[in-house]
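Me: I've got a chain on the screen and I'd like to talk it through with you. Can I fire off some questions?

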Amino acid sequence: QVQLAESGGGLVHPGGSLRLSCVVSGGSIRNYDMSWYRQSPGKQRDLVGLLPEGSSTNFLGRFTISRDNAKNTLYLQVDNLEPGDTAVYYCRAQRTGRSYWGQGTQVTVFS
């Protein structure tokens, strides 16, 4: 079974940066559309950004999504963090008829 494991979250001051990782096991990351979502308590899970199959990097303002096929890992670089970025961040792998989620990693931005 495909499994995803996020890491890299933590406590960060506004203006700081984080790089989240999502290690995929049980399947090749090359075969999936990959994406990052985030969710705060009491709110719905929202899409941060999508990295389609065959694409290596996607720039989305303060967010950069990339994949390293050799390491079978998806990354989310977040720059200039804001308090509104506080959430649990989830990694997702998608292909036709299938979708897999990680357990999430907590990002907390405080001043």
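Me: Is asparagine 80 buried, partly exposed or exposed?
Reply: Keep in mind that this is a predicted model. Asparagine 80 sits in the loop between β8 and β9. Its relative accessible area is 45%, and the middle class runs from 20% to 50%. So asparagine 80 is partly exposed.

Me: And what is the phi of asparagine 80?
Reply: Most residues other than glycine have a negative phi. Asparagine 80 is not a glycine, yet its phi is positive, at about 50°.

Me: What about asparagine 72, is that residue buried or exposed?
Reply: Asparagine 72 is placed in the loop between β7 (63–68) and β8. Here too a residue that is not a glycine has a positive phi, about 55°. With a relative accessible area of 15%, asparagine 72 falls under the 20% cut-off. That is why asparagine 72 counts as buried.

Me: Moving one along, which residues does threonine 73 touch, leaving out those up to four places away in sequence?
Reply: Threonine 73 belongs to strand β8 (residues 73–78), and at 5% relative accessibility it counts as buried. With residues up to four places away left out, the partners of threonine 73 are Ser21, Cys22, Val23, Ile29, Ser66, Arg67 and Asp68.

Me: How far apart in space are threonine 73 and serine 28?
Reply: Along the sequence, threonine 73 and serine 28 are 45 residues apart. In space, C-alpha to C-alpha, the separation is 9.4 Å.

Me: Val23 was on that list, so which residues is valine 23 in contact with beyond four places in sequence?
Reply: Valine 23 is part of strand β3. At 42% relative accessibility, it counts as partly exposed. Setting aside neighbours within four places, valine 23 is in contact with Gln3, Leu4, Ala5, Asn72 and Thr73.

Me: What is the C-alpha distance between valine 23 and threonine 105?
Reply: These two are 82 residues apart in sequence. From C-alpha to C-alpha, valine 23 and threonine 105 are separated in space by 12 Å.

Me: Cys22 came up as well. Which cysteine forms a disulfide with cysteine 22?
Reply: The structure holds one disulfide. Its sulfur atoms are 2.1 Å apart, inside the 2.5 Å limit for such a pair. The partner of cysteine 22 is cysteine 91.

Me: How many residues apart in sequence are the parts that this disulfide ties together?
Reply: Cysteine 22 lies in strand β3 (residues 18–25) and cysteine 91 in strand β9 (residues 87–95). Cysteine 22 counts as buried because its relative accessibility is 0%, and cysteine 91 is buried with 0% too. The parts tied together by the pair are therefore apart in sequence by 69 residues.

Me: Which hand does the disulfide of cysteine 22 and cysteine 91 have?
Reply: The torsion about the S-S bond is what decides this. For cysteine 22 and cysteine 91 that torsion is about -80°, so the disulfide is left-handed.

Me: Back to the loops: which residues does asparagine 31 touch, not counting those up to four places away?
Reply: Asparagine 31 is in the loop between β3 and β4 (33–39). Its relative accessible area is 35%, so it is partly exposed. Its C-alpha is 9.0 Å from that of alanine 93, 62 residues apart along the chain. Not counting residues up to four places away, asparagine 31 touches Glu53, Gln94 and Arg95.

Me: Zooming out, how many strands does the chain have?
Reply: From the N terminus on, the elements run β-β-β-β-β-β-β-β-β-β-β. There are zero helices, and the strands come to 11.

Me: What radius of gyration does the chain have?
Reply: The C-alpha trace spans about 40 × 25 × 20 Å along its principal axes. For 111 residues, a compact globule would come out near 13 Å. The chain agrees with that, with a radius of gyration of 13 Å.

Me: Last one: what share of the residues is buried?
Reply: The accessible surface comes to about 5,900 Å², and 45% of it belongs to carbon and sulfur atoms. Among contacts with a separation of 6 or more, 53% join residues 24 or more positions apart. Of the 111 residues in the chain, the buried share is 41%.

Note on methods
Residues are numbered from 1 along each chain as its sequence is written. This is a predicted model: local features need pLDDT of at least 70, side-chain atom pairs count only at pLDDT 80 or more; totals for chains, interfaces and linings use all residues. Side-chain values use heavy atoms; hydrogens and water are left out. Helices (H or I, at least four residues) and strands (E, at least two) are DSSP runs, numbered from the N terminus. The radius of gyration is taken over C-alpha atoms; the globule rule is 2.2 Å times the number of residues to the power 0.38. Buried means under 20% relative accessible area, exposed over 50%, partly exposed in between (1.4 Å probe, protein chains only). Contact means heavy atoms within 4.5 Å. Accessible areas come from the Shrake-Rupley method with a 1.4 Å probe; for residues, only the protein chains shown count as cover.
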